[in-house]
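Hi everyone, thanks for coming. I'd like to walk you through one model today, so have a look at it on the screen while I talk.

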Amino acid sequence: MRKKRELFGDFQSNLNLDSLVDIVSNNVGILVILAVFMAVFSFLDKNEQLSSKEQPVQQIEKLKIPWSHASQKNSLLLLLRDDRLLYFDRAFVYQRFKKFLSGKDPLPSEISLDQYTIKLIAGGRHTHCIEFIPSPGTGQWWHQFSRLGGLMQTLMNKFPPQENYFFFWVDTDSFDLFREIRKSLWEQRFEVGWKPVRMESTLRYCSGDDQTGRFKPQ
């Protein structure tokens, strides 16, 4: 009887010892796995920090999206063709027509000026249109137009951006230059409208109701 008890006690001791070893081994294994994961995460975090420091800081570039909208501002009309700029002075045109109104001669429907010809087209409901017909090879190169004391500087000084905007008829051969000009005008806080044209396109400005939707800044 005593022998059985001794054997049972030895077996129970061995069983408890094996269980303890298993528990310790499992805990050690878990600690080893956790240590490996912590080392991996620490290594990845260091690499991310180093890569972020090595990469140069990228500057955010703002893009201005042109969006046409109605405006009560006065439009300054220009033609951009063959990389030449031609300004159509509507005030000067109306002054020429006004001279005929005060005289005995009838009002002509067409007047030839230095760089372009104008046609007056009467409309209904107190409206009218002016058609501009530029002479071949007229206009100024951009470096002449934009130089100190040039026509561009004169227009910007005479017509503030709060009350005026630039409108361009742009020939298909001058799109690149137009984008440069528009950017420079935007930097001066001027709004800019434009319309693509060809050699055979009609350049017409209409007053009153006929002007609605034709000339809009961006």
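I'll start with the strands and then move on to the aromatic rings.

One thing before we begin: this is a predicted model, so please keep that in mind throughout.

Let's begin with strand β1, residues 74-81. Seven of its eight residues are buried, so β1 is largely enclosed by the rest of the structure. Which strands does it pair with? With β7, β1 runs parallel, and the pairing extends over seven bridges. If you want to find that spot on screen, go to N74, whose bridge partner in β7 is N164. With β2, β1 pairs in the antiparallel sense, over five bridges. There, L80 stands opposite L85 of β2. The two strands β1 and β2 make a hairpin with two residues between them, and D82 in that turn has a positive phi of about 55°.

Now to the rings. How many aromatic pairs does a search of the whole structure find? The answer is 11. Let me pick out F88 and Y116. Their ring centres are 4.9 Å apart and their planes meet at 85°; edge-to-face begins over 60 degrees, so this pair is edge-to-face. The pair also connects distant parts of the chain, with F88 in strand β2 and Y116 in strand β4, 28 residues apart. And are these two buried or exposed? Both F88 and Y116 are buried.

My second example is F132 with W169. This aromatic pair is tilted, with 6.3 Å from centre to centre and 50° between the planes. Here too, distant parts of the chain are linked: F132 belongs to strand β5, W169 belongs to strand β7, and 37 residues separate them. F132 counts as buried, at 2% relative accessibility, and W169 counts as buried at 2% as well.

F132 turns up again if you click on T117, which is found in strand β4. T117 is buried, with a relative accessible area of 15%. Leaving aside residues up to four places away in sequence, T117 touches E110, I111, S112, E131, F132 and I133.

Two last stops for the ring enthusiasts. Ring pairs join F166, F168, F175, F178, F190 and W194 into a cluster. And over at Y205, the charged end of R90 sits over the ring, 4.2 Å from the ring centre.

That's my tour; I'm happy to rotate the view for anyone who wants another look.

How values were computed: Residues numbered from 1 in each chain as written. Predicted model: local features only at pLDDT ≥ 70, side-chain atom pairs only at ≥ 80, totals over all residues. Heavy atoms only, no water. Phe/Tyr/Trp six-rings, centres within 6.5 Å; stacked < 30°, edge-to-face > 60°. Helix = DSSP H or I, 4+ residues; strand = E, 2+ residues; numbered from the N terminus. Buried < 20%, exposed > 50% of the residue type's maximum accessible area, 1.4 Å probe, protein only. Lys NZ or Arg CZ within 6 Å of the ring centre and 35° of its normal. Contact = heavy atoms within 4.5 Å. Pairing = 2+ DSSP bridges.
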